Amino acid sequence: GGMYATPIINYRMGDRVVLKQEKGNRYLKVIGREKPFFKYNGEIFSQLNVIDRAFSILKNFDFFILLKKDPFFRDQIVMQIEKKDMNKVSVLQKKFEEINLFPKIIPRKKIVLRKHGRKFINFLDIREIKGGRFKIN
């Protein structure tokens with residue numbers, strides 16, 4: 001018998017994970033995906049353009065945008081903003097309508113803005129996340 005090598009393909013997916021520990025075991029839990037472009041209702045959008053549009057109205061990064069599936073498996077974009085910024089909802093909606101995006105804008109709940117390196121993660125795509133966790137030790 002000879003030795004066979006399994007080829008490994010390495011590519012950047014942009015998955016964001018949290019490290020959990022239970023009963024002496026460590027796990028990675030996938031919480032979403034961050035990527036520079038995303039497809040929504042058949043169109044391609046720049047994540048940076050979406051974040052810039054939100055910042056131009058709110059003047060802060062205290063928001064969180066989540067791409068997910070609704071109960072009927074249709075794409076849905078939900079934007080959570082601070083309660084103090086809820087008076088800017090109609091202006092935000094108009095800013096997004098300019099690029100054919102129609103987010104549901106709600107007051108931010110318990111979601112903590114996760115920090116990755118020096119920047120906050122304001123945008124996650126969880127449409128393809130199946131859940132589960134991966135044991136790492």
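These are my notebook entries on a predicted model of one protein.

**Entry 1: the overall layout**

I began by listing the elements. The protein has two helices and eleven strands. I then read their order from the N terminus, which is β-β-β-β-α-β-β-α-β-β-β-β-β. Next I looked up burial. Of the 137 residues, 34% count as buried. I also checked how far apart in sequence the contacting residues lie. Among contacts between residues at least 6 apart, 59% join residues at least 24 apart.

**Entry 2: helix 1**

I turned to helix 1, residues 47-58. Does its length agree with its number of residues, or disagree? I used 1.5 Å a residue, so the twelve residues should span 16 Å. The C-alpha atoms at the two ends are 17 Å apart, which agrees.

Which residues of helix 1 are buried? I noted Q47, V50, I51, R53, A54, I57 and L58. They cover an arc of only 155 degrees around the axis, so they sit on the same side of helix 1.

I then asked what covers these buried residues. The cover includes strand 3 (37-40), strand 4 (43-46), strand 5 (63-69) and strand 6 (75-81). Helix 2 (89-97) and strand 10 (123-125) are also part of that cover.

I checked both ends of the helix. At the N-terminal end, S46 acts as the cap. One of its side-chain oxygens lies 3.3 Å from the backbone nitrogen of L48. After the helix comes K59, with a positive phi near 65 degrees.

I followed one link to helix 2, where V91 lies. The C-alpha atoms of V91 and A54 are separated by 9.8 Å. Along the chain, these two residues are 37 apart. V91 has a relative accessible area of 42%, so I recorded it as partly exposed.

**Entry 3: strand 5 and its partners**

Strand 5 was next. Five of its seven residues are buried, so the rest of the structure largely encloses this strand.

How do strand 5 and strand 6 run, parallel or antiparallel? They run antiparallel, and seven bridges join them. Within this pairing, F64 stands opposite Q80 in strand 6. The two strands form a hairpin with five residues between them.

On to strand 10. It runs parallel to strand 5, and three bridges join the two. Here L67 stands opposite D125 in strand 10.

I also looked just before strand 10. N122 lies in the loop between strand 9 (119-120) and strand 10. Its relative accessibility is 5%, so N122 counts as buried. The side chain of N122 reaches the backbone oxygen of F63 at 2.9 Å.

**Entry 4: aromatic rings**

A pair of aromatic rings is described by the distance of the centres and the angle of the planes. I looked up how many such pairs there are, and the count is five. One of them is F38 with F123, a tilted pair. The centres are 5.0 Å apart, and the planes meet at 40 degrees. This pair links distant parts of the chain, with F38 in strand 3 and F123 in strand 10, 85 residues apart. Both F38 and F123 are buried.

Another is F55 with F61. Their centres are 4.6 Å apart and their planes are at 20 degrees, so this pair is stacked. I checked each residue for exposure. F55 is partly exposed, with a relative accessible area of 32%. F61 is partly exposed too, at 38%.

I then looked for a cluster. F38, Y40, F45 and F123 form one aromatic cluster.

**Entry 5: positive phi in the loops**

Most residues other than glycine have a negative phi. I therefore noted where the sign is positive. K23 has a phi near 50 degrees. It lies in the loop between strand 1 (15-22) and strand 2 (25-33). Is K23 buried or exposed? Its relative accessible area is 86%, so K23 is exposed.

F73 has a phi near 65 degrees, again a positive value in a residue other than glycine. F73 lies in the loop between strand 5 and strand 6, the turn of the hairpin from Entry 3. At 68% relative accessibility, F73 counts as exposed.

Methods:
Residues numbered from 1 in each chain as written. Predicted model: local features only at pLDDT ≥ 70, side-chain atom pairs only at ≥ 80, totals over all residues. Heavy atoms only, no water. Helix = DSSP H or I, 4+ residues; strand = E, 2+ residues; numbered from the N terminus. Expected span 1.5 Å × (residues − 1). Buried < 20%, exposed > 50% of the residue type's maximum accessible area, 1.4 Å probe, protein only. Arc of directions from axis to C-beta. Contact = heavy atoms within 4.5 Å. Polar contact = N/O pair within 3.5 Å; in protein donor to acceptor, adjacent residues only side chain to side chain. Pairing = 2+ DSSP bridges. Phe/Tyr/Trp six-rings, centres within 6.5 Å; stacked < 30°, edge-to-face > 60°.
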